[in-house]
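Colleague: Could you take me through this protein step by step? I would like to begin with its strands.

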Amino acid sequence: MSKPVLYIFTISHYCEKARWALTHLGIDAEVRILAPGTHLQVAQGLGLKRGSVPFLQDGDRVIQGSDEIISWAEKQAKGEQSLGSHNQDVLAIEKRLDDKLGVHIRRWFYSEAIIECPHTVKPIFMEGLSIWEKVKLTIKWPVICKLMIKRMDLGYQQGLESLAIVEEEITWLESLIDHEDSFLVGDSLTRADIAAASLLAPLVGPMEYSCSKLMTLPPRAIEQSVGMDERVFWRWVNQVYHTHRER
């Protein structure tokens with residue numbers, strides 16, 4: 001049987017979340033890196049109404065979204081591995097992380113990076129692409145940036161709004177962390193831990209994160225995040241990555 005195929009953007013922290021869960025659950029999937037624009041064509045070709053990554057093809061079935069991919073993967077693991085999908089507390093924490101922390105870290109980052117220094121973002125999107133896809137992305141990059149600004153509602157004020165939400169959500173997350181080696185729910189790694197660590201990885205930059213050598217925060221974001229490396233969540237994310245991010 002052919003491997004399932006996971007379609008991703010290299011830069012996406014939601015894709016990082018899905019990849020981590022698949023690896024942890026022992027699912028051997030082929031990873032295909034897409035360029036912005038191309039991802040819409042691939043998604044439509046697979047019958048999807050939305051182009052948002054990640055999405056996974058398993059035979060005739062297509063699963064979209066990191067949360068749905070994790071649920072699918074846990075069923076494939078047949079009980080040999082678990083990420084707590086049966087636990088409503090785990091699922092509730094993951095949903096809040098997906099809907100608020102992940103969305104607003106992305107909006108905060110792009111509100112500066114795409115508008116003021118898009119040349120720093122393009123190489124991350126290009127990582128892993130074929131030469132032809134890199135050429136197409138370079139040609140289309142100005143248009144892609146305009147579309148991202150419109151679709152994600154990016155801007156200076158929007159970035160500040162998202163930063164405030166990120167700070168609130170980090171404070172909430174820290175209320176769930178007993179110590180650096182603890183888990184958010186129970187005494188083993190769950191999809192809530194993977195979600196929290198993955199979605200914060202662009203900010204924290206743990207060594208085991210696949211984009212750690214490619215991604216840097218833009219200047220204003222660096223100033224806005226001063227002192228965060230001394231907080232509990234920062235040390236916790238690094239510890240979760242160091243201990244549980246298999247390669």
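Modeller: Let us begin with one pair: β1 and β3 pair in the antiparallel sense over 3 bridges. Strands are DSSP runs of E with at least two residues, helices are runs of H or I with at least four, and both are numbered from the N terminus. Two strands count as paired if DSSP finds at least two bridges between them.

Colleague: What kind of model is this, and how are residues numbered?

Modeller: This is a predicted model, in which local features need pLDDT of at least 70, side-chain atom pairs count only at pLDDT 80 or more, and totals for chains, interfaces and linings use all residues. Residues are numbered from 1 along each chain as its sequence is written, and side-chain values use heavy atoms, with hydrogens and water left out.

Colleague: Which residue in β3 is the bridge partner of V5?

Modeller: That partner is Q57. Q57 also has a bridge partner in β4, namely V62.

Colleague: How do β3 and β4 pair?

Modeller: Strand β3, residues 55-58, pairs with β4 in the antiparallel sense over 4 bridges. Within β4, I63 stands opposite L56. The two strands form a hairpin with 2 residues between them, and G59 in the turn has a positive phi of about 65 degrees.

Colleague: What is the strand order in the sheet?

Modeller: The order is β2-β1-β3-β4, in an open sheet of 4 strands with mixed pairing. Its edge strands, β2 (30-33) and β4 (61-64), each pair on one side only. On average, neighbouring strands are turned by 20 degrees against each other, direction ignored. Axes here are lines fitted to C-alpha atoms, for helices over the stretch in contact, and angles between N-to-C directions run from 0 to 180 degrees.

Colleague: Which helix packs on the sheet?

Modeller: Helix α3 (residues 66-76) does, touching β1 (5-8), β3 and β4, and its direction makes about 130 degrees with that of β4. Contact means heavy atoms within 4.5 Å.

Colleague: Changing topic, how many helices does the protein have?

Modeller: The protein has 10 helices, along with 4 strands. From the N terminus on, the elements run β-α-β-α-β-β-α-α-α-α-α-α-α-α.

Colleague: And what percentage of the residues is buried?

Modeller: Of the 247 residues, 51% are buried, meaning under 20% relative accessible area with a 1.4 Å probe and protein chains only; over 50% is exposed, and partly exposed lies in between.

Colleague: What box do the C-alpha atoms fill?

Modeller: Taken along the principal axes, the box is roughly 50 × 50 × 30 Å.
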